Amino acid sequence: MDRLGAFFRTYFDWFYIPRITWTDVLDIIIIAYLLYHILVWFKTSRAWTLLKGILVLVLFLGLAAVLHLNSLLWIAKNIASVFIIAIIILFQPELRRALDELGRKRLLNRFFSFEEREEGVSRFSDKTVYELVRTAAELSKSKTGALIVIEHDTPLGEYERTGISLDAVVSTQLLVNIFEKNTPLHDGAVIIRDNRVVAATCYLPLTERSDVNKELGTRHRAGLGISENTDSMTIIVSEETGAVSIAHKGQLIRNLNDDALRKQLEQLQDKQVETKRRRWKKGGQGNERKSKKESV
């Protein structure tokens with residue numbers, strides 16, 4: 001009987017189904033979500049190329065273990081800690097960008113926003129949109145190069161400090177005069193926050209992407225660079241052709257007319273505000289600001 005009981009216990013152990021609670025389901029969903037976004041991040045960044053190189057090294061070390069290549073294994077064992085530090089250094093731009101993207105998530109912005117917007121109040125006014133479109137048209141007509149960066153959720157203070165501080169209402173006359181050739185402020189980018197021009201002659205990071213069209217110059221690479229590091233939108237006017245482009249979220253839209261440029265700027269306005277955003281200092285209740293998004 002004891003043997004029979006032991007047999008049945010062993011048999012039923014094979015078909016044992018663990019009790020699954022809602023915390024287990026939540027745990028699986030979170031892990032799946034994180035793995036999915038990590039793989040997407042690897043696939044859409046330079047990290048994918050680096051990861052393939054690391055996989056080649058891992059396969060080579062596996063082959064060395066099978067063939068008992070003890071000298072290679074000893075070297076790999078002793079440089080393992082240095083290799084981990086090297087990986088962090090190599091992935092530093094991608095890690096910084098990933099953390100920056102995490103910080104821009106609306107879920108976090110809901111709780112850590114110091115900004116309060118009333119219902120129906122946009123990030124910047126229709127007049128500012130009009131002035132920016134008109135400025136682009138004027139600069140395009142005269143083939144005057146320009147870089148106009150419009151701040152969104154990510155603060156541009158570190159780039160603002162590289163230029164000359166201003167505090168002026170956005171106007172076509174001001175922006176055209178800033179980018180006029182041979183003037184003190186024409187070289188570099190202008191940064192706009194809300195309805196104000198806050199700085200000029202600012203230096204922007206250049207994109208490191210290798211797939212950028214060789215016809216594009218430093219202005220376009222700078223516009224792409226700032227769009228990869230922040231969620232700002234940059235208006236670029238080519239000095240060679242007078243063509244107007246937009247850089248946003250790491251993408252470049254070229255040869256825009258006035259209507260197309262206006263639509264892009266209106267997307268950045270965030271007019272679709274339903275309730276107040278709460279200030280973290282003041283407390284209170286608020287809902288997430290809804291914004292229209294379009295793949296560029």
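In this predicted model, the protein exposes about 19300 Å² of surface, and carbon and sulfur atoms supply 61% of that area. Turning from the outside to the inside, buried residues account for 32% of the 296 residues in the protein. The fold is built from twelve helices and seven strands. A look at the contacts shows how the chain comes together: among contacts between residues at least 6 apart in sequence, 66% join residues that are at least 24 apart.

One part of the surface deserves a closer look. A nonpolar patch is formed there by Phe-60, Leu-61, Leu-63, Val-66, Leu-67, Leu-69, Leu-72, Trp-74, Ile-75, Ile-79 and Val-82, which together have about 1000 Å² of accessible area. Two helices, α3 (47–66) and α4 (70–78), each supply at least two residues of this patch. The largest share belongs to α3, with four residues. Leu-69 is a helpful example of a patch member outside these helices, as its place is in the loop between α3 and α4. Leu-69 has a relative accessible area of 36%, so it is classed as partly exposed; the partly exposed class runs from 20% to 50%.

Charged residues offer another way to read the model. Side chains of opposite charge can pair when their charged atoms come close. Seven salt bridges are counted in this protein. One of them joins Glu-160 and Arg-193, whose closest N and O atoms are 2.7 Å apart. This pair connects distant parts of the chain, since Glu-160 belongs to helix α9 (residues 157–160) and Arg-193 to strand β3 (residues 189–193), 33 residues apart. The two partners fall into separate accessibility classes: Glu-160 is buried because its relative accessibility is 17%, under the 20% limit, while Arg-193, at 26%, is partly exposed.

A second salt bridge brings together the side chains of Glu-239 and Arg-219, with an N to O distance of 3.3 Å. Here too the pair links distant parts of the chain: Glu-239 sits in the loop between β5 (233–237) and β6 (244–248), Arg-219 sits in helix α11 (residues 218–229), and 20 residues separate them. Glu-239 is partly exposed, with a relative accessible area of 32%, and Arg-219 is partly exposed as well, with 26%.

Asp-259 and Arg-262 make a salt bridge within one helix, with their closest N and O atoms 3.0 Å apart. How far apart along helix α12 (residues 258–269) are these two residues? Because they are three residues apart, about one helical turn separates Asp-259 from Arg-262. Arg-262 has a relative accessible area of 27% and is therefore partly exposed. Salt bridges can also share partners, and in this way Glu-151, Glu-160 and Arg-193 are joined into one network.

Helix packing can be followed in the pair α8 (residues 126–142) and α10. Their axes lie 9 Å apart, and the helices pack at an angle of about 40°. The crossing of α8 and α10 is right-handed. On the α8 side, the residues involved are Glu-131, Leu-132, Arg-134, Thr-135, Glu-138 and Leu-139, and these meet Thr-172, Gln-173, Leu-175, Val-176 and Phe-179 of α10.

Two of these α8 residues also meet a residue in a loop. Ser-171, found in the loop between β2 (164–169) and α10, touches Glu-131 and Thr-135 when residues up to four places away in sequence are left aside. Is Ser-171 buried or exposed? With a relative accessibility of 18%, Ser-171 counts as buried, because the limit for that class is 20%.

Finally, the backbone holds two further details. Asn-182 has a phi near 65°, a positive value in a residue other than glycine. Asn-182 lies in the loop between α10 (172–179) and β3, and its relative accessible area of 76% makes it exposed. Lys-249 likewise has a positive phi, near 55°, and is a residue other than glycine. Its place is in the loop between β6 and β7 (251–253). At 44% relative accessibility, Lys-249 is partly exposed.

Methods
Residues are numbered from 1 along each chain as its sequence is written. This is a predicted model: local features need pLDDT of at least 70, side-chain atom pairs count only at pLDDT 80 or more; totals for chains, interfaces and linings use all residues. Side-chain values use heavy atoms; hydrogens and water are left out. Patches are made of residues with over 30% relative accessible area and no salt bridge: like charges are joined within 9 Å, nonpolar side chains (Val, Leu, Ile, Met, Phe, Trp, Tyr) within 5 Å. Accessible areas come from the Shrake-Rupley method with a 1.4 Å probe; for residues, only the protein chains shown count as cover. A salt bridge is a side-chain nitrogen of Lys or Arg within 4 Å of a carboxyl oxygen of Asp or Glu. Buried means under 20% relative accessible area, exposed over 50%, partly exposed in between (1.4 Å probe, protein chains only). Contact means heavy atoms within 4.5 Å. Axes are lines fitted to C-alpha atoms, for helices over the stretch in contact, and angles run from 0 to 180 degrees between N-to-C directions. A crossing is left-handed if the near helix is turned anticlockwise from the far one by less than a right angle, and right-handed if clockwise.
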